[in-house]
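Before you use this model in any calculation, please read through the numbered points below alongside the coordinates. They move from the overall fold to individual side chains.

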Amino acid sequence: MILKGTNIEHKLQNIRNKSSDSEQILVEVQQILSEDSLKETKITDTLGSKNNARKNNFEFDLLETDKIFHIDQIKEICIDYRLRFLNSSYFKGEIPQEAIFKIKHLETAHDTELKGFKIMAPSKLFKLEDKDDPLLFAPIGNDYYYLIHKWGNDLHPLRKAFAWPFKNIVNLVLLVLLISYFVTLMVPEGLFSKKNTTAEFWIIYFFMFKCIASIVIFYGFALGKNFNPAIWKSKYFNA
């Protein structure tokens, strides 16, 4: 006699059929899914609303300390990498489903509804009013924020170097001086006189500096650009 294997799924179905009505199960499951869908819709609406709440009722014992950041730390990173830290309603990218799941998990664990979401990302990812790597935060209170989710690709390894000239006017002037020096070195010998002198070099250097500085100033004003410390929390394109 050959013994048949036990189909554990069939056994489980038999117990379920004995203990409850299948139609009632479908009704209950449908209700759970409906409530879950409504919750996700509410979270999405909150992310898209201009809610400026400064605090959420977190259970501090449940927070992960490595995800808590002060506004000064966020500001420093934004200035170093030329990022913005704005209300999630200005974010024009798509917030991934994983972030929604994490918000739902936090709301369930902390028995609260989160609000006042902020996102740190490059300017191009925001819908800025006219006047590669977002991080989603929720305020804890006292200028502390809790990192909920990060998505997208990492920032370019040279982004900090590219953003360095825009930290302040001194950095920008130093860059223009350096560029002017290298451009002056590229001027062919004997272009302006038969014999090159130190005085002639510095005259050409000063001329190059004025030309490059004029271009930088023109495009800076024309494009409405500003230094990193002035834009990190600004919702305006030409801040």
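**Notes on the predicted model**

1. The chain contains eight helices and five strands, where helices (H or I, at least four residues) and strands (E, at least two) are DSSP runs numbered from the N terminus. Read from the N terminus, the order of the elements is α-α-β-α-β-α-β-β-β-α-α-α-α. This is a predicted model, in which local features need pLDDT of at least 70 and side-chain atom pairs count only at pLDDT 80 or more, while totals for chains, interfaces and linings use all residues. Residues are numbered from 1 along each chain as its sequence is written, and side-chain values use heavy atoms, with hydrogens and water left out.

2. On solvent exposure, the chain has 239 residues, of which 32% are buried; buried means under 20% relative accessible area, exposed over 50%, and partly exposed in between, with a 1.4 Å probe and protein chains only. The chain exposes about 16,400 Å², and carbon and sulfur atoms supply 59% of that area, as computed by the Shrake-Rupley method with a 1.4 Å probe, where for residues only the protein chains shown count as cover.

3. Helix 3 (residues 71-81) has Ile71, Ile74, Cys78, Ile79 and Asp80 as its buried residues. Cys78 has a relative accessible area of 0% and is therefore buried, whereas Cys211, at 33%, counts as partly exposed. A search of the whole structure finds zero disulfides, a disulfide being a pair of cysteine sulfur atoms within 2.5 Å.

4. Arg82 deserves a look in the viewer, since several features meet at this residue. Arg82 sits in the loop between helix 3 and strand 2 and, although not a glycine, has a positive phi of about 50 degrees. With a relative accessible area of 18%, Arg82 is classed as buried. Arg82 also lies over the face of Phe166, at 5.0 Å from the ring centre; the criterion is that NZ of Lys or CZ of Arg is within 6 Å of the ring centre and within 35 degrees of the ring normal.

5. Which kind of exposure goes with the positive phi of Asp111, buried or exposed? Asp111, likewise not a glycine, takes a positive phi of about 50 degrees in the loop between helix 4 (97-110) and strand 3 (118-121), and because its relative accessibility is 70%, Asp111 counts as exposed.

6. The count of aromatic pairs comes to ten, under a rule by which rings of Phe, Tyr and Trp (its six-membered ring) pair if their centres lie within 6.5 Å, with planes under 30 degrees apart counted as stacked, over 60 as edge-to-face and the rest as tilted. One of them joins Phe85 and Phe137, whose ring centres are 5.5 Å apart and whose planes stand at 80 degrees, so the pair is edge-to-face. Phe85 and Phe137 are both buried.

7. Another pair, Trp202 and Tyr205, has ring centres 5.3 Å apart and planes at 85 degrees, and is therefore edge-to-face. Both residues lie in helix 7 (residues 198-222), three residues apart, which is about one turn of the helix. Trp202 is partly exposed at a relative accessible area of 45%, while Tyr205 counts as buried at 13%. Together with Tyr181, Phe182 and Phe201, the residues Trp202 and Tyr205 form one aromatic cluster.

8. Two residues of helix 6 (residues 169-185) illustrate contacts across the sequence. Ser180 counts as buried, at 0% relative accessibility, and its C-alpha atom is separated by 7.0 Å from that of Ile212, 32 residues apart along the chain. Leu175 is partly exposed, with a relative accessible area of 28%, and lies 9.9 Å from Ala213, C-alpha to C-alpha, with their positions 38 residues apart in sequence.

9. The second largest pocket holds about 320 Å³ of space. Of the 17 residues that line this pocket, Asn52, Arg54, Asn87, Lys118 and Lys233 are the closest to its centre, and strand 2 (residues 84-87) gives the largest share of the lining, three residues. On a 1 Å grid over the protein atoms alone, a pocket is an open set of points where a 1.4 Å probe fits, with protein on both sides within 12 Å along at least five of seven lines, and lining residues have an atom within 4 Å of a point. Grid points are joined across faces, edges and corners, and the volume is the space filled by probe spheres set on the points.
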